[in-house]
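This report describes a two-chain model and the confidence attached to it. The sequence and coordinates come first, and the description follows.

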Amino acid sequence: MAVYKRRYNSYTSSLTPPWSRFFVLTRFAFADLFKSRFFVLLLILAIVPNLFFAGYIFVANNKTVQLLMQVRGAGADLFSVETRYFLIIMIVQTQIAFLLNCWVGPVLISGDLTNGALPLFLSRPFSRADYVLGKLAVLALLLSAVTWVPCLLLFGLQSGLARNGWIWSHLWMIIPIVLCSAIWILMLSFISLAVSAWVKLRIVATGVVFVSFFVPMGLGEMFNAIMGTYWGHLLNFSLLFQLILTSGFREQSDAINSFYGRGEVPVPAAWGMMIFVCLFSLFILNTRLRARETVRG
Amino acid sequence: MTPTIELDGLEVQLGGRTILHSLTGVLKSRAIGLLGPNGAGKSTLINTLLGFHAPSKGSARVLGLNSHTSGKALRSLVGYMPENDAFISKMSGVRFVRYMAEISGLPSDQAMERAHEAFVYVGLGEARYRPVGTYSLGMKQLAKLAQAIAHGPKVLILDEPTNGMDPPARKRLIELIREIREASDICLLLSSHLLRDVEETCDEVLILRNGQIASICNLVEERRANRKFLELETLGAEATFTTALESLGCECAVFSSGRIKVVMPDSVEIREVFKVAADRGVQIRRMNHRRDSLEDIFLNAMEQTGAADGRL
């Protein structure tokens with residue numbers, strides 16, 4: 001089928017391994033994303049706080065700089081880099097990840113569904129699971145780049161600068177950093193993919209992602225106020241994540257309790273709720289991502 | 001040789017309704033046409049062959065692969081051009097085809113090369129860098145064909161390929177389909193409302209009506225049979241002429257006014273009929289092949305399975 005011959009020839013050369021083909025979707029999605037200047041700006045802004053965090057770690061471990069800044073002695077605790085510091089980094093970065101997800105997630109599937117391209121994907125040796133995996137990988141990679149990856153780099157920086165065996169006494173933090181980021185990234189990704197599969201307009205879809213976080217939160221607070229309980233917090237996904245995070249970092253969640261009041265949802269319940277949201281989003285994706293719609297009746 | 005399509009009591013239910021009722025048949029030709037009125041189940045059959053719908057009973061096989069249990073293996077052989085719009089509007093044509101080819105398993109560089117080739121081949125070379133969303137209806141059809149052939153499939157499934165095309169574009173597309181069929185060992189399954197499209201591209205037709213097989217007809221054999229059936233109008237010594245034809249192995253039936261119907265055996269060619277006529281001094285004033293067109297076959301099939309209501 002060479003261009004100059006204008007003749008059809010079948011393809012007989014090598015093929016890529018089937019397991020790797022989901023990544024084609026990821027690659028093309030990233031290529032499309034990076035065409036948008038707004039996205040690039042958003043990504044840069046999402047990474048900028050890490051520079052401040054890194055600067056703080058550098059100052060905290062550099063007595064000369066502290067003396068030059070004339071802060072040494074006056075506020076020794078000001079530059080403490082311990083568990084709570086990494087907890088703050090995680091909270092800040094996961095909220096930034098939420099914003100990034102609201103921009104990127106809603107367009108991932110809707111573009112394929114708007115003009116019926118899904119049957120073209122599924123008429124190839126490519127399953128719905130591969131399709132979801134390919135789209136999920138976009139968000140997973142992107143959100144990882146602003147959550148646990150920079151956090152681990154900062155952890156490495158602190159370990160390198162602190163010495164005195166700091167790394168060995170804090171090594172356990174790697175697990176909550178990765179695990180808590182993973183559940184947050186999965187939940188955000190599945191919610192926005194599910195929304196993207198239902199809502200075609202970007203602005204509306206972004207709004208729906210916001211709404212899917214804030215409306216349940218409001219409903220939960222109403223439930224708490226009416227019933228005099230704290231179980232309504234199960235609908236506050238940010239709070240659930242912060243509970244998981246603080247428990248993972250072995251920190252007391254007093255601050256969270258004092259903000260929301262009336263005690264605390266058990267951490268296993270918070271995990272259970274976040275996993276349930278992921279499964280429910282998968283269920284929505286399963287009903288929506290079909291090569292052909294079946295009309296009942 | 002493995003049949004192209006085998007249907008073994010295939011039944012498909014969708015939304016609680018039975019759409020395909022116990023379809024059984026074997027289609028061996030390389031180019032198969034799928035005909036039937038609206039709602040006959042053509043698209044459902046195609047979707048079932050692609051593994052989009054699971055059979056509630058029976059099975060369907062394409063090139064020996066079960067559409068349900070070996071769906072992925074089967075789809076690795078297939079190029080599919082759907083009936084409805086199917087594209088990513090913001091992508092340029094060539095990028096869209098490359099994307100689809102890569103999903104089919106072509107390495108990136110090969111996919112790019114084949115995407116360009118496919119686009120030029122279908123006649124959209126000049127428009128390949130434009131977003132697919134800006135294409136006209138006919139161009140979108142051609143872009144769909146390009147994505148269906150870019151990865152070099154063994155089976156090409158075309159669902160209403162000439163929908164929305166003007167006559168010259170339709171002619172060009174039919175020529176392309178015939179070229180593709182003849183240039184390689186590709187198998188073709190073409191579903192169309194237009195009998196002419198099927199007649200021009202296919203060797204065998206499966207006619208569906210109300211989810212049942214109305215007829216399976218081998219057009220090649222039908223055409224061959226038609227070639228051997230002559231209607232003559234003669235002037236001269238009919239009796240000696242028919243006797244001479246019968247001595248060649250032909251069967252003749254003589255009617256009034258010199259009209260003769262002749263069924264020729266495979267070994268006899270038409271020029272021998274002329275030669276016999278010339279030897280006997282018989283003038284052949286008119287000669288017709290029986291022309292049992294696909295339309296006749298289709299209408300017969302419709303009549304046999306129920307009242308033909310003229311709808312296609």
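## Confidence of the prediction

The confidence that the predictor assigns to each residue is its pLDDT, on a scale from 0 to 100. The model is predicted, with an ipTM of 0.87 and a pTM of 0.84. In chain A the average pLDDT is 88, and 90% of the residues score at least 70. Among the elements of this chain, helix H7(A) has the highest mean pLDDT, 96, whereas helix H13 of chain A, residues 254–260, has the lowest, 57.

Chain B has a mean pLDDT of 87, with 95% of its residues at 70 or more. Of its elements, H3(B) carries the highest mean value, 96, and helix H8 of chain B, residues 219–227, the lowest, 72. Over residues 307–312 of chain B the pLDDT falls below 50, and this stretch has seven contacts in the model beyond near neighbours in sequence. Where pLDDT is low, the predicted coordinates should not be read in detail.

## Chain A

Chain A contains 14 helices and zero strands, so its elements, read from the N terminus, run α-α-α-α-α-α-α-α-α-α-α-α-α-α. Of its 297 residues, 36% count as buried. Among the contacts in chain A with a separation of 6 or more, 77% are between residues 24 or more positions apart.

Helix H7 of chain A covers residues 128–146, and at 1.5 Å a residue its 19 residues should span 27 Å. The C-alpha atoms at its ends are 28 Å apart, which agrees with that expectation. Buried residues of H7(A) include Asp130(A), Tyr131(A), Val132(A), Gly134(A), Lys135(A) and Leu136(A). Further along the helix, Val138(A), Leu139(A), Leu142(A), Leu143(A) and Val146(A) are also buried.

## Chain B

Chain B combines eleven helices with 14 strands. Its domain assignment gives domain 1, residues 5–222, and domain 2, residues 228–289. The centres of these two domains of chain B, taken over C-alpha atoms, are separated by 45 Å. Along the principal axes, the C-alpha atoms of the chain fill a box of roughly 75 × 45 × 35 Å.

Of the 312 residues of chain B, 46% count as buried. Residues 24 or more positions apart supply 66% of the contacts in chain B with a separation of 6 or more.

## The interface between the chains

In the model, 36 residues of chain A are in contact with 44 residues of chain B. On the side of chain A that touches chain B, the elements giving two or more residues are helix H1 (22–33), helix H5 (110–114) and helix H6 (118–122) of chain A. H6(A) gives the most to this side, with four residues. By class, the same side of chain A has 17 nonpolar, twelve polar and seven charged residues.

Leu15(A) lies in the segment before H1 of chain A. This residue is partly exposed, because 15 other C-beta atoms lie within 10 Å, a count between the limit of 12 or fewer for exposed and that of 20 or more for buried. Not counting residues up to four places away in sequence, Leu15(A) touches Gly105(B) and Leu106(B). Gly105(B) comes just after H3(B) and takes a positive phi of about 115 degrees.

## Helix H3 of chain B and the nonpolar cores

Helix H3 of chain B, residues 93–103, is largely enclosed by the rest of the structure, because eleven of its eleven residues are buried. They include Arg95(B), Arg98(B) and Glu102(B), as well as Val94(B), Phe96(B), Val97(B) and Ile103(B). The buried residues of H3(B) pack against H1 and H6 of chain A, together with helix H4 (108–121) and helix H5 (137–149) of chain B.

In soluble globular proteins, nonpolar side chains tend to be buried together. The largest nonpolar core here has 149 residues, of which Val97(B) and Ala146(B) touch the most other members. Helix H10 of chain A, residues 174–198, contributes the largest share of this core, 13 residues. Leaving aside neighbours within four places in sequence, Ala146(B) is in contact with Val97(B), Ala118(B), Phe119(B), Val122(B) and Leu124(B). Another core, of 13 residues, lies apart from the largest one, and Ile260(B), Val262(B), Met264(B) and Val282(B) are among its members.

Notes
Residues numbered from 1 in each chain as written. Chains lettered and ligands numbered in written order. Predicted model: local features only at pLDDT ≥ 70, side-chain atom pairs only at ≥ 80, totals over all residues. Contact = placed C-beta atoms within 7 Å. Nonpolar A, V, L, I, M, F, W, Y, C, P; charged D, E, K, R; others polar. Expected span 1.5 Å × (residues − 1). Domains from an automatic or database assignment. Core = buried A, V, L, I, M, F, W, Y, C linked by C-beta atoms within 7 Å.
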